[in-house]
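Open your viewer and show the chain as a cartoon. We will go from the whole chain to a helix, then to a helix pair.

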Amino acid sequence: MPTITRDGLPGFGHSPTITDRFRAFDAQHPWIYCALEQLVEERLGAGAKKAGMKALFEALRWRHPHEGTGLNNDYTALYARKLLAEHPQWASVIEIRRRRSP
């Protein structure tokens, strides 16, 4: 019988991957993705040519100090990829690197 991890994921004797943890977190906090979209749009509207995900995470933490609990920097790359999947026109704005972990 599987156990449930602290992230709400079933545990089968292995640690959940970053992707597993991200998916669970994103499903529990859909407002974060929407807020990141809005922040990118704000940056572009202000004339910025780049939008760094870590800076956007810090902006979320600043704007939503109580709701941002659990906003892990491990998720920045995965949110960047999710944003680019839905907004390919932002490819020159949001930099991504090759993934090293699952």
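What share of the residues in the protein chain is buried? Of the 102 residues, 37% are buried. Keep in mind that this is a predicted model.

**The whole chain.** Colour by secondary structure. You should find 4 helices and 2 strands. Trace the chain along the sequence: the pattern reads β-β-α-α-α-α. Now turn on the surface. The accessible area comes to about 6,800 Å², and carbon and sulfur atoms hold 55% of it. Contacts link distant parts of the sequence too: among those with a separation of 6 or more, 52% join residues 24 or more positions apart.

**Helix α2.** Select residues 30–45. This helix has 16 residues. From first C-alpha to last it reaches 23 Å, close to the 22 Å expected at 1.5 Å a residue. Show side chains for I32, Y33, A35, L36, E37, L39 and V40; these are buried. What do the buried residues of α2 pack against? Their partners are α1 (18–28), α3 and α4. Step past the helix to G47, which follows α2 and has a positive phi, near 95°.

**Helices α3 and α4.** Select residues 53–63 for α3 and 76–86 for α4. Their axes come within 9 Å and cross at roughly 100°. That crossing makes α3 roughly perpendicular to α4. Which residues make the contact? On α3, pick M53, K54 and F57; on α4, pick T76, Y79, A80 and L83. Colour this contact by class: it has 5 nonpolar, 1 polar and 1 charged residues.

Methods. Residues numbered from 1 in each chain as written. Predicted model: local features only at pLDDT ≥ 70, side-chain atom pairs only at ≥ 80, totals over all residues. Heavy atoms only, no water. Axes fitted to C-alpha atoms, helices over the stretch in contact; angles between N-to-C directions. Parallel < 35°, antiparallel > 145°, perpendicular 65-115°, else oblique. Contact = heavy atoms within 4.5 Å. Nonpolar A, V, L, I, M, F, W, Y, C, P; charged D, E, K, R; others polar. Buried < 20%, exposed > 50% of the residue type's maximum accessible area, 1.4 Å probe, protein only. Areas by Shrake-Rupley, 256 points an atom, 1.4 Å probe, with all protein chains shown as cover. Expected span 1.5 Å × (residues − 1).
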